[in-house]
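Please open the model in your viewer and keep the selection tool at hand. We will move from one stop to the next, and at each stop you will be told what to select and what to look for.

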Amino acid sequence: MPNSEPPTAPAEVRLRDLRANGVPVEFVARVVSLQRREVTRQSDGSRIPLLSGLLSDGTATVRFTWWDPPREGIDRGTVIRAVGAEVREFRGRAEATFTWKTRVGPASPAELPRVDTEEMPVRTVKELASGDEGFRLEVRVVRIAPRPVTVGEERRVVHEGLVADASGMIRLTCWSDFGLATGEAVRFSGGYLRSFRGRLELVLDERAMVNRIEGEDLPPVAELLRSPSRSIAAVEDEGGGPVVTVEGVVVGLLPPSGLVYRCPQCRRSVKSGICRVHGQVEGQADLRARLVLDDGTGALTINADRAATEKLWGVTLEDCRARLRELPDPSLLEEQLLEAVLGRRLRVRGSGTKDDFGVTIAPESIDRVDVDLDVAAEELSMRLGERS
Ligand SMILES: [Zn+2]
């Protein structure tokens with residue numbers, strides 16, 4: 001008798017259980033991000049459309065590749081059911097591939113696997129790693145602010161900030177407005193971790209849940225921000241960080257510093273009345289200081305804005321304009337600024353980013369450190385003593 005058994009239907013799985021073992025699977029997931037492109041088939045040079053991106057079902061986020069996808073109907077947020085998807089492994093992580101053998105159709109969000117938040121393990125900030133998903137996290141909001149972004153052709157607002165517990169601090173990006181406020185204690189369920197430009201961040205999309213909690217165990221914001229100063233060499237090694245505190249001596253100023261003119265539309269600095277994006281504009285006067293801070297282990301740049309520069313210099317933008325009316329030479333102002341800050345010992349706290357030119361800190365606070373002469377003399381004599 002011929003084998004009349006129907007082919008076994010693929011078993012429905014959760015994304016966190018995907019294994020590259022050659023068995024096609026069925027799952028329901030939401031398209032978290034997507035990108036359309038075309039690739040050239042080597043055999044005949046024809047162009048094949050390709051859709052790739054991320055899928056999530058609340059238990060894990062996986063990359064997917066969809067050969068010859070439908071032209072329309074698949075967007076960010078679409079929930080799909082894939083039957084007969086192939087699972088491959090890339091760099092130790094499972095990925096889903098939809099081929100001509102895979103049936104992909106729309107599904108309702110109600111078909112997504114039910115993930116009881118009470119089932120989710122509780123994590124601390126220190127324990128989080130890239131790709132993590134399906135956990136609960138209790139943190140305090142240290143900083144939060146909206147930022148407009150363009151995703152493809154869509155304009156959206158993301159809410160970005162920092163959250164922390166006693167174990168550490170992490171960047172946060174919310175794709176929905178959860179109404180978070182600085183200082184609040186919250187429990188996040190259903191966020192995920194990603195590494196973006198070398199920095200780890202926690203991402204909350206519309207599936208994530210936010211609950212306000214008492215948070216007696218969470219330190220207050222001021223304490224969370226009180227990071228001990230570290231050597232500039234260490235900060236360079238780590239490539240900056242969300243909250244960095246360094247202490248050093250101002251050894252120079254980088255251009256442009258002092259009185260600058262900015263485009264009223266984009267705030268870029270204007271040279272000879274020309275913004276490189278908006279052409280001829282009426283530049284608006286502003287003050288800034290790009291300080292080079294050195295602590296003996298290395299140097300970095302402090303990007304002080306107008307308020308910080310005025311405080312540091314003791315000279316306001318209005319004072320500068322008055323001085324300029326008397327002596328119309330802006331380079332004199334830069335010299336006066338340099339004279340005022342050179343050799344000053346500062347403690348600076350802010351977020352640090354690293355590029356080819358080194359670490360730059362966007363300061364939140366700049367404090368003058370008064371050198372205790374007795375301690376300094378003692379330190380010096382100790383060092384001299386070590387040498388003898
Ligand atoms: Zn401009």
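The tour below goes through a sheet, a metal site, a helix and some salt bridges, in a model that is predicted.

**First stop: the barrel**

Select the strands β15, β18, β19, β21 and β20, which in this order close into a barrel with mixed pairing. Neighbouring strands of this sheet are turned against each other by 50 degrees on average, when direction is ignored. Now keep only β15 (residues 240-262) and β18 (residues 284-294), an antiparallel pair joined by 10 bridges. To see one of these pairings, pick Leu259, whose bridge partner in β18 is Leu287. Add helix α4 (residues 317-326), which packs on the sheet and touches β15 and β18, its direction making about 105 degrees with that of β18. Helix α5 (residues 330-341) also packs on the sheet and touches β15 and β18, with its direction at about 155 degrees to that of β15.

**Second stop: the zinc ion**

Select the zinc ion together with its protein donors, Cys263 (SG), Cys266 (SG), Cys275 (SG) and His278 (ND1), which lie 2.1 to 2.3 Å from it. What geometry does the site of the zinc ion have? The site is tetrahedral, with angles of 105 to 114 degrees among the four donor atoms. Along the chain, the donors follow the spacing C-x2-C-x8-C-x2-H. If you colour by accessibility, Cys275 counts as buried at 2% relative accessibility, whereas His278 is partly exposed, with a relative accessible area of 32%.

**Third stop: Glu310**

Go next to Glu310, which you will find in helix α3 (residues 306-313). Is Glu310 buried or exposed? Glu310 is buried, because its relative accessible area is 18% and the cut-off for buried is under 20%. Leaving aside neighbours within four places in sequence, Glu310 is in contact with Leu287, Val315, Thr316 and Leu317.

**Fourth stop: salt bridges**

The structure holds 20 salt bridges, and one of them joins Arg147 to Glu160, with the closest N and O atoms 2.8 Å apart. Arg147 lies in strand β8 (residues 136-151) and Glu160 in strand β9 (residues 154-165), so this pair ties together parts that are 13 residues apart in sequence. Then return to helix α4, where Glu318 and Arg321 are three residues apart and thus separated by about one helical turn; their side chains meet in a salt bridge (3.2 Å, N to O).

Finally, select Glu364 and Arg349, a salt bridge whose closest N and O atoms are 3.4 Å apart.

Note on methods. Residues numbered from 1 in each chain as written. Predicted model: local features only at pLDDT ≥ 70, side-chain atom pairs only at ≥ 80, totals over all residues. Heavy atoms only, no water. Pairing = 2+ DSSP bridges. Helix = DSSP H or I, 4+ residues; strand = E, 2+ residues; numbered from the N terminus. Axes fitted to C-alpha atoms, helices over the stretch in contact; angles between N-to-C directions. Contact = heavy atoms within 4.5 Å. Donors = N, O, S within 2.8 Å, 3.2 Å for Na, K, Ca; no water. Tetrahedral: all angles 85-135°; square planar, octahedral: opposite > 155°, others 65-115°. Buried < 20%, exposed > 50% of the residue type's maximum accessible area, 1.4 Å probe, protein only. Salt bridge = Lys/Arg side-chain N within 4 Å of Asp/Glu carboxyl O.
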